Structures are given as C-alpha cells and as structure tokens.
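Biologist: I would like a close look at one part of this model, the helix packing. Please carry on from there to the buried residues and the unusual backbone spots.

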Amino acid sequence: MAIGAGVDAITKGVVWAALQSIAEEAGTALRKTAYSQAVREGRDFSVALFDARGQMIAQGDFSPGHLGSMPSIVGHVLREYPAEMLEPGDAVVLNDLYMGSGHLPDFFLTTPVFHRDRLVGFVVNCAHQVDVGGAAAGSQAVEGITEFYQEGIRVLPTRLWRGGAMNREVMRLITSNTRMPDIVEGDLKAMRNSGRVGELRLLELFDRYGMDTVLAAWEEILAHSEREMRAAIRALPPGRYAAEDFYDDCGRGTEPLRVVATVIVEGDEITVDFDGSSGQTRSGMNSAFNYTLAYTWHTIKSALVQQTLPQNAGTMRPIRARAPEGSLFNPRPPAAAGARAVMQQRIVDVILAALSQAVPDRVIAASSHWANPIFEGVDARRGRRFVYYDIIVGGMGARPHKDGAEAVCGSFNLENIPVEVNESNYPILIERLELIRDSSGAGKWRGSCGLRKDIRFFGEHGSLSNLSDRHTFPPPGLFAGLPGAVGRAVLNPGTPSEQVMHSKAIYPLAHGDLVSFSVSGSGGYGDPCTRDPELVARDVLLDYVSPERARAWYGVVVDPVSCALDREATAALRAHQR
C-alpha cells in the first residue's frame, strides 16, 4: 500500500488500539521499574508516541501537563538532533522549562524508533524527579526564587544514551547536582526501560502490518481526530465566554493573582485567551506557555468530545491559546516556574467556568486544590538524608448529573500515595487520613469533600516546603451551587506551639512535629434545595454532611442519631425557605 493511500476502518481501528496499548505498556514499564514513590505510587509520569515529523499519534492515560508539553519537547530534540544525526539505541534527555517541561523536576526522554534503518517515530516519556537541586529540597519552592537558575540543574537536549550505551559522564553530571542521586538515576533508567519497551512494540507493529500500512493508518487517525474535533467545535454557539478566578498569592505578604480566561468560538476553531491575568511573578510560581497550552488542549478536548476520540496532533490543531508575553501564563525567561504544578487546577477551573456559559451540561464545578508538600531531613534509622515528596488529592467538582468524585484529581492523573508506602520509606507516621465533614460545596449535585492528612515527622534537622492553594479563595460552584471549604495547613495543632502555615512557604521541622494538611472541598452544581433528600440523608449517614448543615444548606431534616430522613419536616422546612 502506498503511503497516503486510504486504509480500511478495521485496519485503522486495530492500529489505533495497538498504539494505545503500546503507550500504556511503556508506562507500566516505567512505573514498575522506577525508584521513587512519586512515580511508582503517585503516577507522576507519562508516555506518548510520535511520528517522525514530531506529531503526537497516541498517548497513554497519564498527565495532561506532561503529554501536552511533549510536542514542544520533540520539536526541540529534532532541532538539536536532526534525523540524520540519530541512530538506533539513542535516547535524548531534556528538562528545560521553556522548551517544554514547564519546570525543572520534569525530565523527558525521547527515544527514536528505526524500522529497517528508517526513522519512523519516537517514544517519549516524562517522569517527575524527586529532586533536581536548587535552593530547596524537591526543587519546587515559591518564596525567595526569582529565576530558574535557583531551581536546580537545567539540561538542554542531550544524548544520555547513544547506540544503546549510557553516557556515564552525562549521568554523573545530572546526579551530582541532586540531593537524591540514586533515586534520580534509577528513575532515569526506568525511563530508558519504558522507551525501549515502546520501541520494541512499535517495531512489532510495523513488522506485522508493514510500514506503509501503519504510516497510512497514522495519517488517517490524525485526520479523523481533527475532523471530529472541528465538528464538536462547530456545534458550539459561537461567541466569547469569559470567567475569572484567583490564586491566593505567590508567597507570604503577596497579593492575589488574577486568572482570566476568555474562550472564543469561531467556526470550527476555538481560542482560549488569558489576557487580563496577572503579570509574571518574582517567585517560583509562573506557568511557561507550553504548560498553559497543554492544559488548554486538555480542558477543551475533555469538555467537548467523548473519551473514545484520540488525543493527538489532530485534536490539538483547532485549539489555540494566547497569553501576553510577560504574563503569569507566558513568562519571559529566566522567570522561575518550579511551583507551576500548583497552577494547573486553576487553568482547568477557569476554562470550564467560561465554557459553562456555552455548554452547561458538559462541565464540572471547580475541583479541590491538591497539596504537594515536600519534607526533607536526616533519617537517623538509616543514617542518610531523605526527600519525601507527597501528594494529597481532594476530589472533583460536582458534575451536571452526579456528585463530585472523592479523592480523585480533576485536572491530572496523580494518585494519593498509600500510607503504608510512605511510612515504610521515610521516618514519618500518618496519624490521620480522612474526608472532611461539611467541606463539600452544596448543590443539587454535591462537590467532593476535602481531604485531611496528618503527618508526624520523625526525621532530624528537617524542613517542609509547602505547596498548595485555595486557602483564601474557595472553589466556586456553578448554577447556584455553593463553594467548597477552603484548605489550611497547621503545625502541631491543638498544642501551645500551634502555628497556621502558609500554603507556599518553607518551615523548619523538629523531631516529633505534627503537620496537618487539609485540602479544599469542591464546588457544588445546581441549587442545593433541589437535591434529593434521600441523597442528603445518605451524606449524613456517611458523615460527609452534618445534620446541622443538611438543614441549613439543603433544607433537609435528618435525625442526628439514626440518620433517618424526616420527610414531613423536610417538606415544611423547604416550603418555608422558598
């Protein structure tokens, strides 16, 4: 079959399913062989497949921020290493935030795939490194950071593997600039494992169906994806839809940061314009434009088309993002961005709030804002230093026809790391992990509850680099839904030394200190007084909502002992409230 000739629907479907399977298998290889808990348990990694021109063909079920940044990564790799300079067994590493990573802890590895001496594509993966040096352990500090040179080692496109052999000098240069060299080297080798698995599976696909058929199927997949995305955009009412929200601040004593998104629907194309948002900050909190674009692609695609439509270069073509240069969402180098992970949830929330004016039945209310605290210190039991990277995920905003999902992130695929994994690897004890009563945004459909996690620190000479948000501005609801509760972090709660901690500051820790993290609840959807009283009674039974708040928010009377619904009293109360 000549390249460019059509392929039948069955062949296209088989190739597409194979590509998805390959991306997922390569991701499994990365997760199973990684050293860090962030990758193995928290799922802070991603894998995607590209053609020889650098177009994304398929991605696994991983993080939108990583995946949406990969097209930029491959473009920069090809500019530094054109096809004629690459050979089988190569793998190019890169973590420059303005070339695609968004912040220095995210390392990308690009593996070229050759079939019978011809470059046919790339396997690209990303893994968040637990530490890459810089001013603070974990390399994600907000305060005191003014440029990315303070945030850790920066690697431009560099061949870390050549002809299958690791470049030991480059690996030593990278690991000697981190606080956790063994873990970082282990994760980089796991990334190489992942690339090799993807490479082998792609070669099997080419051998099975032939190069011309596979490449023609790829072109058909991209064309189909673009057609479907353009059709979905054409179905929207044309116009401009704007929404506004705020980050709490970018450190102690700083002002709130304004977030404005205007969604512009014109024909079969859509643009998200961030004009009106705050300017770039002199802190670690900025969103490089590639990261802003990645979450724009993700949010629009998620809201407009079904999950079965591939996310690839075809679906991305009709979607654009704009942000003024020098702004919070398009900073000028060398602006720092180590803490950009804290920003993605708000990008999603504001775009969805704007889209709610056009497609109210396809969006969710604002989700809980997760926390990403990083502890460091000395583990006296093992006689070594440690960096403990944690993820505390609340849940999703209420949906048009369903409550928000508990303890599931609304903007990416990270997961809460199991208590047992953290306790067995670090000198800490998790004393509490629970959903927070009365933290969900009330509505016809309830937002998710916030999540509380109390961590007892048993290290020596320690510190905490806190990273979260929504401690001031609660996640708003939609269509009369109420906002979720705000989050907070407290050092040694209930003791004479109790201290409320800022969401983006670094604090010293002593042996035995307890840090209590509460992430925000999520927004509700629709008028709370239209919620089914039986659902409210169930929420009281599950201890999501107190009897007092059931009455105040929902106009529902529930017995505080038996949790039984009092239908007559509820009808009377709701009639009075109306």
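Modeller: What follows goes through two helix pairs, three buried residues and some backbone details. Keep in mind that this is a predicted model.

Helix pairs first. Two packed helices are described by the angle between their axes and the distance between the axes. Take H8, residues 289–304, and H10. Their axes lie 10 Å apart, at an angle of about 45°. That angle is outside the roughly parallel range, which ends at 35 degrees, and below the roughly perpendicular one, which starts at 65. H8 and H10 are therefore oblique to each other. Their crossing is right-handed. On the H8 side, the contact is made by Tyr291, Thr292, Tyr295, Thr296, His298, Thr299, Ile300 and Ala303. H10 answers with Gln344, Ile347, Val348, Ile351, Leu352 and Leu355. By class, this contact of H8 with H10 has nine nonpolar residues, five polar and no charged.

Now the other pair. H5 covers residues 168–175, and H6 covers residues 181–209. The angle between them is about 135°, and the axes are 9 Å apart. Roughly antiparallel would need an angle over 145 degrees. H5 and H6 are therefore oblique to each other. H5 passes H6 in a right-handed crossing. From H5, the residues in contact are Arg168, Met171, Ile174 and Thr175. From H6, they are Pro181, Val184, Glu185 and Leu188. The contact of H5 with H6 divides into five nonpolar, one polar and two charged residues.

Arg168 also serves as a reference point for valine 77. The two are 91 residues apart along the chain, and their C-alpha atoms are separated by 20 Å. Valine 77 sits in helix H3, residues 64–80. Its relative accessibility is 1%, so valine 77 counts as buried. Beyond residues up to four places away in sequence, valine 77 touches Val92, Thr110 and Pro157.

Follow that contact to threonine 110. This residue belongs to strand S4, residues 106–115. Threonine 110 is buried too, because its relative accessibility is 2%, under the 20% limit. Setting aside residues up to four places away, threonine 110 touches Ile73 and Val77. The list goes on with Asp90, Ala91, Val92, Phe122, Val123 and Val124.

Back to H10, and on into the loop after it. Serine 367 is placed in the loop between H10 (344–355) and strand S12 (374–379). At 1% relative accessibility, serine 367 counts as buried. A polar atom of its side chain lies 3.0 Å from the backbone nitrogen of glycine 397. Neighbours within four places in sequence aside, serine 367 contacts Gln345 and Asp349. It also contacts Gly395, Met396, Gly397, Gly410, Pro475, Gly521 and Ser522.

Last, the backbone. Proline 333 and proline 334 are joined by a cis peptide bond, with omega about 5°. Proline 334 is in the loop between strand S11 (319–322) and H10. Alanine 407 is not a glycine, yet has a positive phi of about 55°. Its place is the loop between strand S13 (384–389) and helix H11 (419–425). At 33% relative accessibility, alanine 407 counts as partly exposed. Arginine 470 also has a positive phi, near 65°. This arginine 470 is in the loop between strand S16 (460–465) and strand S17 (488–491). Arginine 470 is buried, with a relative accessible area of 0%.

Note on methods. Residues numbered from 1 in each chain as written. Predicted model: local features only at pLDDT ≥ 70, side-chain atom pairs only at ≥ 80, totals over all residues. Heavy atoms only, no water. Axes fitted to C-alpha atoms, helices over the stretch in contact; angles between N-to-C directions. Helix = DSSP H or I, 4+ residues; strand = E, 2+ residues; numbered from the N terminus. Parallel < 35°, antiparallel > 145°, perpendicular 65-115°, else oblique. Left-handed = near helix turned anticlockwise from the far one by under 90°. Contact = heavy atoms within 4.5 Å. Nonpolar A, V, L, I, M, F, W, Y, C, P; charged D, E, K, R; others polar. Buried < 20%, exposed > 50% of the residue type's maximum accessible area, 1.4 Å probe, protein only. Polar contact = N/O pair within 3.5 Å; in protein donor to acceptor, adjacent residues only side chain to side chain.
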